[in-house]
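This report describes how the helices pack and where the nonpolar cores lie. Please read it beside the sequence and the structure shown here.

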Amino acid sequence: MSLDADQIYNLVMKAGEDWVDKDAAANILEETKPIVLAEIFNSQPSGMAVAAKENAAKGDPAYRLHVTNMVTARKEANRARVKYKSAEMLAELRRSQESSK
């Protein structure tokens, strides 16, 4: 795979932007996790004990879906970070190749 400097730059930029977008999506889900739990907790009947409300909220399908989406988003962000770091490494290797000619 032979790439010129502009192609490598574009590859690194695209990978970096993808990582930033996916990391932001994962962060939003992570930051809203306690809010989702609180909303479900507060929707439980007022006569329930606090521990029972918490258990019901954590077992609620909406909360489980939020957690699943959060974990999936973090996985995608981590994969995007690997692509970005790999593109950075490629750029550095190409620079080393060029300087040793």
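Contact here means heavy atoms within 4.5 Å. The model is predicted, so that local features need pLDDT of at least 70 and side-chain atom pairs count only at pLDDT 80 or more, while totals for chains, interfaces and linings use all residues. Residues are numbered from 1 along each chain as its sequence is written, and side-chain values use heavy atoms, with hydrogens and water left out.

Leaving aside residues up to four places away in sequence, I8 touches L3, A91 and R94. I8 also belongs to the largest nonpolar core, a nonpolar core being a set of buried (under 20% relative accessible area) Ala, Val, Leu, Ile, Met, Phe, Trp, Tyr and Cys residues joined through side-chain atoms within 4.5 Å. Helix 1 (5–42) and helix 3 (61–99), helices being DSSP runs of H or I with at least four residues, numbered from the N terminus, each supply at least two residues of this core. Another core, of five residues, lies apart from it.

| Core | Residues |
|---|---|
| Largest nonpolar core, six residues | I8, V12, A15, Y84, A87 and A91 |
| Another core, five residues | among them V36, L37, A57 and Y63 |

Helix 1 and helix 3 pack at an angle of about 160 degrees with their axes 8 Å apart, the axes being lines fitted to C-alpha atoms over the stretch in contact and the angles running from 0 to 180 degrees between N-to-C directions. The two helices are therefore roughly antiparallel (over 145 degrees).

A24 is placed in helix 1 and is partly exposed (between 20% and 50%), with a relative accessible area of 36%. The C-alpha atoms of A24 and E76, which are 52 residues apart along the chain, are separated by 11 Å.

Terms used
Buried < 20%, exposed > 50% of the residue type's maximum accessible area, 1.4 Å probe, protein only. Parallel < 35°, antiparallel > 145°, perpendicular 65-115°, else oblique.
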